Amino acid sequence: MSEGDIRLEGLVKNYGDVVAVDGIDLHIPSGEFFTMLGPSGCGKTTTLRMIAGFERPTEGQILLDGVDMSSTPPHKRRVNTVFQNYALFTHMTVAENVGFGLRYQKVSKDEAKRRVDAVMEMVQISELGERRTSELSGGQQQRVALARALVLEAPVLLLDEPLGALDARLRLDLQVELKRIQEQLEVTFIYVTHDQDEALTMSDRVAVMKGGKIEQCDVPQKLYEEPNTAFVANFLGSANLLSVEARAAGAGCDVILGNFTLKSESKPEQAGVGTAMIRPEYVKLEPQGSEGENRIPGMVEEVVYMGFHQDVRVRLANGELIRADVPNDGDSPEYEQGNAVAVHLRAANLRVLDDYPDQAADETSGDADIAAV
Amino acid sequence: MSATPTEQAVTTQQTRSPRFSLGNPWSKPRWLTGVTWVYILWSLLPVLLAIRVAFNEGRSRTSIDGWSLKWFFGDNSFSVFGDPALQDALTHSLLLAGLAMLIATPLGIMLAIGLQRWRGRGSGPANVVALLPLVTPELVFAVGLFLLFTTLLSTIGLGTTAQVIGHVTFSMSFVVVIVRGRLVTVGPDVEEAAADLGAPPLAVIWRVLLPLLAPAIAASLLIVFALSIDDFVVSQYLASGAETATVPMRIYAQARGAPLPSVNALATLMLLFTLLALVLAYVVFRFMTRGEKRGSAIEQIASIDSGGGR
Amino acid sequence: MQKRRIWGFLAAPGMLWLGLFFVVAFYAVISVGLGNINTLYQPIPYWNPLDWNFGYLVQAIESVIPGGQNWPVVVRSVIYITVAITGALLIGYPVAYYASRHAGRWRGLVVVLLILPFWISYIMRMFAWTNLLAPDGYGSKVLSALSIDSLFSSIGLLDGTDWLGGQGITVIIALIYGYVPFFILPLFASLDRIDQRVIEAARDLGAPPPSSFWRVILPMSKPGILAGLVLVALPMAGDYYTQTLMSGSPSTSMIGNTINDYIQGGPDKSLGAAMTILLSVVLLFFMLYYLRSLRRDQGEVAA
């Protein structure tokens, strides 16, 4: 078995009466780029800090390559962290920062120097070795923090919102680079962020967290295309949420929306009153009177010009408001308030979620509430 | 630091509606400027005159009378270096300040680090006890130590040892405030980072925490020195006789008595030591925190003492 | 963190030191104040609370209530301290306000000059005035040339022309002079912390300058004012040296002088200790108030 296999079993962390992490079971195989995604307070950072050893779990186990390490102090764990605000040692030079941890490993001076040089070259800070950390830009500091953790060649690297303090442009560059380094070293990366784009672009798998629990854990595409809950649907991208009733029918189900019955290829855990979800980009607007299944008449209520696409809000015949992304590709018509249209909700993209509608109503936030109301 | 947009805004407002500036002194910085500079003059001029008198040629302590260094180094038996009593006071003050500095600083640093981390039963009262000396009137403090050393600890008794203990006790709280301020600035992240990179707990303190605390340690050393050398009440209460008199005690005793500028000379020397210590503290603090983005070091050092009524 | 014991171990030496030389020292005051004296008038402390003798404490309390021996001293102390902290506020506030908001490019210099007196020994600053206010000193001459001494005499604030000859007004002015620097610093800190944009918002919402001062700046600086008042009042309550240097007359003595005389004077150490207990009880409220505000400030820094 190669190194860097992490297993969390029944992990719980309480602070007094507050439950920060509420029972997490997770297996992260060696060499995976794994992301924990969620809003602040969802327990993702606490989980990371427990893996690093800064917090002791109230219950549960943390296994690295099959060995429980929940009572191993942080300095003895073969796990290293890139901190949110870098936590660089301001009293040392860049090279001293990078070489810091090697002093506690049985490494000869020549070997240490070689490794420091190599890792600094890999993260492209070779020429900064003698600088003081206060003289560096945010991006450079980030690279130092990364190099400092990588030089120890631990099988697992923990990254706590490492790009959070950087501006958008730099963030994109570093995303690509992080992914490159991870693939090159074949190290397990456990990455914590609240930024959905970061999670989707870099990760092999993503766990969406909420209230100390894992809401859904899957590869990025499945998470985006097939969310199980309204929370996940909303956290990744935007979603139209519709209150519906679902009835089992063949491989999929029938979705009852007011007087209309639609087809869906998804199969909910249980039939009955629930929530259906469709991404705005899958909502197709067709000329009034188009025939076929899953088509509902509606009237354009508002059009917002967004550059490369138009955000068109349509009032459906049953009273619900739905959002459609219409690309500005020169072929699509331009809509205006008052246009009558037929709205096509494709069966392949219309998904019935697992959560109950009252739950869904609580969880929806941001732009989702246009659909839930 | 430069003329801020606000000030320009105030000025434009004034030109537009002079009624306000006439009716209200607060929008008229010129009035405040006057008060401030008069105050500064009032607060410093008496001391400057007392220093000037130390360089008098004549014997007057109330008026300027020529230039000389005779009250410092003169071979007459009245100069600071001619009068054994004055000279002893100076060396005794320096001795107390040096010892207080070397004892209070390490104790205060350990206490500050301990209190910052120690959560749990007893930490609340411990915090209060660590800060209470800052606000206890010096008289109460001195009476307590005086009675302690004349009853329970009469084996130690009054004298130099008691004075050093007294100075350490009140200045330790200042060290705690300074060091904890720095600990908050540094934050817990770097310590976690060091542990994460494999440093065992003692190495974290030694290789990361202490170097990062260095500016606070330097500031503490020199401020304890300054506090000790300026102290009067505790020194007086714990003194055992003429040989344990400090410079402030000499000044106090002779302020209304023997009218010779040698007392001014003694006070001048003491002030020189205090200011040297402070300038050194400022420079060291500034040097060690170079590159860190924070308020000016002057204000840092200023804020250190906002808890002291001495 | 993993190793919790290490923090208690680090704090231990300092806590032991403070426990012995601060907490036990104060307990010694209680033990002497509630103890007895031997035939040589030396105090015998009663360390066991069961043995406590409340005679001296009762005597001390009787001396500070109306009709008691020290009642005039208490009244005088309260008047001196009240007048002195009012004076300190009237001088300190405008200065702190200017330094924090209007000093512009002079700000660094102004702040240094405001801090400087802080680090000059209090005794030396008082000593400087004894030079100036001596009958042939520059201060006396200036005050005489400006006819301030005759003005003060005519309204009964000055008796004769000798400023150092047991004058209450001299003691009060010296207290103001001595303690204003301690007042300015917390005021400066609290005024400096007020966001300029808050004041601009008040202006923007139509408040003319006077009203933006009274309705915004003053209320926001109230914590600094209160902290400053307490910070200055506490040491004044235990001050005996200012009075001794600037007057020395029993007619201007303060509560600190009374305690100092009892303790350093000879046979009345137990009574002095009892008076110290009384003073501490009165001041404890203010001390804890100030510590609370200090901790609130540190909390803000941390957050």
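1. Chain B has 310 residues, and 51% of them count as buried. The model is a predicted one. Chain B holds 14 helices and zero strands. Read from the N terminus, its elements are therefore α throughout: α-α-α-α-α-α-α-α-α-α-α-α-α-α. Among its contacts between residues at least 6 apart in sequence, 68% join residues at least 24 apart.

2. Chain B is assigned two domains. Domain 1 covers 5-72, and domain 2 covers 83-307. Their contact draws nine residues from domain 1 of chain B and eight residues from domain 2 of chain B. On the domain 1 side, α3 and α4 (70-73) of chain B each supply at least two residues. The largest share of that side is four residues, from α3(B). By class, the domain 1 side that touches domain 2 of chain B has six nonpolar, one polar and two charged residues.

3. Next, the contact between chains B and C. Chain B puts in 84 residues and chain C puts in 93 residues. Helix α3 (residues 29-54) of chain B gives the most to the chain B side, with 14 residues. That side of chain B has 54 nonpolar, 22 polar and eight charged residues. Note that α3(B) appears in two places: it gives the most to the side of chain B that touches chain C, and it gives the largest share of the side of domain 1 of chain B that touches domain 2 of chain B.

4. Which residues have the most contacts inside the largest nonpolar core? They are B:Val143 and B:Leu145, in a core of 285 residues. Take B:Val143. Leaving aside its neighbours within four places in sequence, B:Val143 is in contact with B:Tyr237 in its own chain. From chain C, the contacts of B:Val143 are C:Val29, C:Ile259, C:Ile263, C:Ala273 and C:Thr276.

5. Chain B also touches chain A. Here 15 residues of chain B are in contact with 21 residues of chain A. On the chain B side, the elements that give two or more residues are α9 (189-196) and α10 (201-230) of chain B. α9(B) gives the most, with six residues. The chain B side that touches chain A has nine nonpolar, two polar and four charged residues.

6. Now chain A. Its secondary structure comes to 10 helices and 20 strands. Chain A has 373 residues, of which 43% count as buried. Along its principal axes, the C-alpha trace of chain A spans about 80 × 45 × 35 Å. Among contacts in chain A between residues at least 6 apart in sequence, 66% join residues at least 24 apart.

7. Chain A is also assigned two domains: domain 1 (6-223) and domain 2 (226-372). The C-alpha centres of domain 1 of chain A and domain 2 of chain A are 38 Å apart. Each of these domains puts eight residues into the contact between them. On the domain 1 side, the elements giving two or more residues are α6 (196-202), β9 (205-210), β10 (213-218) and α7 (220-225) of chain A. The residues of that side divide into three nonpolar, two polar and three charged.

8. One sheet of chain A deserves a look. It is open, has five strands and pairs them antiparallel, in the order β15-β19-β16-β17-β18. Why is one side of β15 (283-287) and of β18 (321-327) of chain A left without a neighbour in the sheet? Both stand at the edges, and each has a single partner strand, so one side stays unpaired. From one strand to the next, the twist averages 45 degrees.

9. Within that sheet, strands β16 (residues 295-305) and β17 (residues 309-316) of chain A run antiparallel and are joined by seven bridges. For A:Val303, the bridge partner in β17(A) is A:Val312.

10. Last, a loop residue. A:Asp65 sits in the loop between β4 (59-64) and β5 (67-68) of chain A. Is A:Asp65 buried, exposed or partly exposed? A:Asp65 has 16 C-beta neighbours inside 10 Å, so it counts as partly exposed. The cut-offs are 20 or more for buried and 12 or fewer for exposed. The C-alpha atom of A:Asp65 is separated by 6.3 Å from that of A:Ile6, 59 residues apart along the chain.

Notes. Residues are numbered from 1 along each chain as its sequence is written. Chains are lettered from A and ligands numbered from 1 in the order in which they are written. This is a predicted model: local features need pLDDT of at least 70, side-chain atom pairs count only at pLDDT 80 or more; totals for chains, interfaces and linings use all residues. Two residues are in contact if their C-beta atoms, placed from the backbone, lie within 7 Å. Ala, Val, Leu, Ile, Met, Phe, Trp, Tyr, Cys and Pro count as nonpolar, Asp, Glu, Lys and Arg as charged, and the others, Gly among them, as polar. Domain bounds come from an automatic or database domain assignment. A nonpolar core is a set of buried Ala, Val, Leu, Ile, Met, Phe, Trp, Tyr and Cys residues joined through C-beta atoms within 7 Å. Two strands pair if DSSP finds at least two bridges between them. Axes are lines fitted to C-alpha atoms, for helices over the stretch in contact, and angles run from 0 to 180 degrees between N-to-C directions.
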